[in-house]
Amino acid sequence: MDPNEARRRRTHGLDADLAARILVKDGATGTLLQSLQLTEADFRGQRFAHHTHDLRGANDVLCLSQPDVVRQMHRTYLEAGADIVSTNSFTANRPSLADYALEELAAEINHEAARLARGVCDEAEEADGITRYVLGSLGPTTVTASISPDVNDPGARKIGFRQLADDYLVAARALVDGGADWLAIETIFDTLNAKAAIFAIEALWDELGYRVPLLISGTITDASGRTLNGQTVGAFWSTVRHARPFAVGLNCALGGDQLRPYADELSRIADTHLSFYPNAGLPNAFGGYDETPDEGAAVLGGMAHDGTVNIVGGCCGTGPDHVRANKEIVSGLKPRAIPDVPHKTRLAGLDALDIDEDSLFVNIGERTNVTGSRKFARLIAEGDYETAVDIARGQVENGAQVVDINMDEGMLDSEAAMERFVRLLAAEPDIARVPFMIDSSKWSVIEAGLGSAQGRPIVNSVSLKEGEAAFLEQARLAHRYGAAVVVMGFDEDGQAETVERRLEIGHRAVRLLTEEVGFAREDIILDPNIFAVGTGLPEHDDYAVAFIESVRRIKDELPGVLTSGGVSNLSFSFRGNDPVREAIHAVFL
């Protein structure tokens, strides 16, 4: 049978199996390999006998130097009852392999990791007729897109978004080519890294012409309930849900007891399968794990009884006995029913910002905009980013729920300024807790911001001004970066001034975004243009009323779509007279 056809059949089988029962994933790869006490010579094998760097601890290289060891590891877990085995490729990405001077072998290692796992699963299936699934492991890299490696420069990064995406694409493509049935972006401590992996996998889906199922698994690092880069569970889900993963879950860092409350929270808000594979408790003073298989299985069994899990397994410290205990305790129990989660706009910084029909209007702070604030523009031009960051902090302290960032100034390197400023804000938890609005008239500047923004931001903006092809290209990229979008009331014929023109453009944009790109309506924000009144021109007298009527009709005719407007535009004719401007804004709102 053609390998792609076989994979597609197993994909359908995976869906059916998860509807019928709780599936059991294997235990820790590293724990089992470490128990073999392999030597440096073992890791090198014949192929790497003269390699320039020590290789002990580079577990992924064993796929090339000791394939029989890797095969036996998978057999051991299958014999213990695993339905799903993970490939031995957790750190088989170019940045991590560079520590061992093996980065050029990333594709080969991932391919062999999947081929070895698939071969052992095929053997088991031939023996008993039960399907086993190979999960292609894409672990975190040794570099992060959100955290500076230099304590003296919070805006520094060792790697950028696009390079990370390229590296993840190499690994993901090789895993699928080698026989992985689905892919896992796992042990996520930095969701910007995870978004780069999603970006790569969506490119792979385009290459293949179909979607390989995807598991996304985050890591809560301590009792704060946040990932290492500071995100809550809700913000984490809002950040990655645009990928429409086949399953989402949590793994690593904590034991089942400590991790379960966060998995329960994720189970309530995620409208997809729920995966859970914690460590064997917390490490002891010697770095080992003391939790027994029965103790760990009791937590998973409790979740199964409560109907909050679809896939169970083990991470650090777990082995075949844990898998055996997990299999026994969930056997015969019903899997979690995927909940019908209410539709709402889900944005995120470090914290989640949910917007629905019961929400009040959302305040967007616009002081960090070089076109709207002379002070901010001067600070950026002078390179005084520290004071510029304080302006963003003041915006959040004064109630801004979203921070708009714009670097459109002719004398600036706008891409570099956008990238640096967003990265600096990421280092400030009191600012980064809110979502960012990446604002520019140049798409290259918007991409610079999207590639630096953790969480789920808003793109401001896209429009039909340059036609449908350009609109769709930018919209597809915005969606791939995981952003919501503001659509301005422009098309090829210019800006919309009448109510009918505003609605015509809005309907057209929503149709294209939902039918051609895949946006949900709640992730589309139509801006039907607030224009200035009081200009002295009679044709401008009804601009404020026209905006209000446009919003009313958008809500009636395009339910679920949000609206936005730059309120300060309304009183632009009275600039310099703040009391009048404030009165106009108050009446308008």
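This report walks through the overall build, two sheet regions, one helix and one loop residue of a predicted model.

## Overall build

Let's start with the whole chain. The protein has 589 residues, and a compact globule of that length would have a radius of gyration near 25 Å; the value here is 26 Å, which agrees. The C-alpha trace spans about 85 × 50 × 45 Å along its principal axes. In secondary structure, the count comes to 22 helices and 19 strands.

Buried residues account for 59% of the 589. If you look at contacts with a separation of 6 or more, 75% of them join residues 24 or more positions apart. The protein exposes about 24,300 Å², and carbon and sulfur atoms supply 50% of that area.

## Strand E3 and its partners

Strand E3 covers residues 133-138, and it is a good place to zoom in. 6 of its 6 residues are buried, so the strand is largely enclosed by the rest of the structure. Tyr133, Leu135 and Ser137 point one way, while Val134, Gly136 and Leu138 point the other way; all of them are buried.

E3 pairs with strand E2 (residues 84-86) through 3 bridges, and the two run parallel. Here serine 86 stands opposite leucine 135 of E3. Strand E4 (residues 182-188) is also parallel to E3, joined by 4 bridges. Leucine 135 appears in this pairing too, standing opposite tryptophan 182 in E4. To get from E3 to E4, the chain passes through helix H8 (residues 161-178), and this β-α-β crossover is right-handed.

## The seven-stranded sheet

Further along the chain, 7 strands form an open sheet with parallel pairing, in the order E11-E12-E13-E14-E15-E18-E19. Its edges are strand E11 (364-365) and strand E19 (562-563), each of which pairs on one side only. Within the sheet, strand E14 (residues 458-462) and strand E15 (residues 484-488) run parallel and are joined by 4 bridges. One residue pair to look for is asparagine 460 with its bridge partner in E15, valine 486.

Helices accompany these strands. Helix H18 (residues 443-450) packs on the sheet, where it touches strand E13 (436-439) and E14, and its direction makes about 170° with that of E14. Helix H20 (residues 499-517) lies across E15 and strand E18 (524-527), and runs at about 160° to E18.

## Helix H13 and its cover

Which residues of helix H13 (residues 320-330) are buried? They are Pro320, His322, Val323, Ala325, Asn326 and Val330. Their cover includes strand E1 (23-24), helix H2 (29-35), helix H5 (67-79), helix H12 (293-305) and strand E8 (311-312). After H13 comes glycine 332, with a positive phi near 85°.

## Serine 441, a loop residue

Back at the seven-stranded sheet, take a look at the loop between E13 and H18, which holds serine 441. Is this serine buried or exposed? Its relative accessibility is 69%, and the cut-off for exposed is over 50%, so serine 441 counts as exposed.

For a sense of distance, compare its position with that of histidine 53. The two residues are 388 residues apart along the chain, and their C-alpha atoms are separated by 48 Å.

Note on methods:
Residues numbered from 1 in each chain as written. Predicted model: local features only at pLDDT ≥ 70, side-chain atom pairs only at ≥ 80, totals over all residues. Heavy atoms only, no water. Buried < 20%, exposed > 50% of the residue type's maximum accessible area, 1.4 Å probe, protein only. Pairing = 2+ DSSP bridges. Right-handed = clockwise from strand over helix to strand, strands pointing away. Rg over C-alpha atoms; globule rule 2.2 N^0.38 Å. Contact = heavy atoms within 4.5 Å. Areas by Shrake-Rupley, 256 points an atom, 1.4 Å probe, with all protein chains shown as cover. Axes fitted to C-alpha atoms, helices over the stretch in contact; angles between N-to-C directions.
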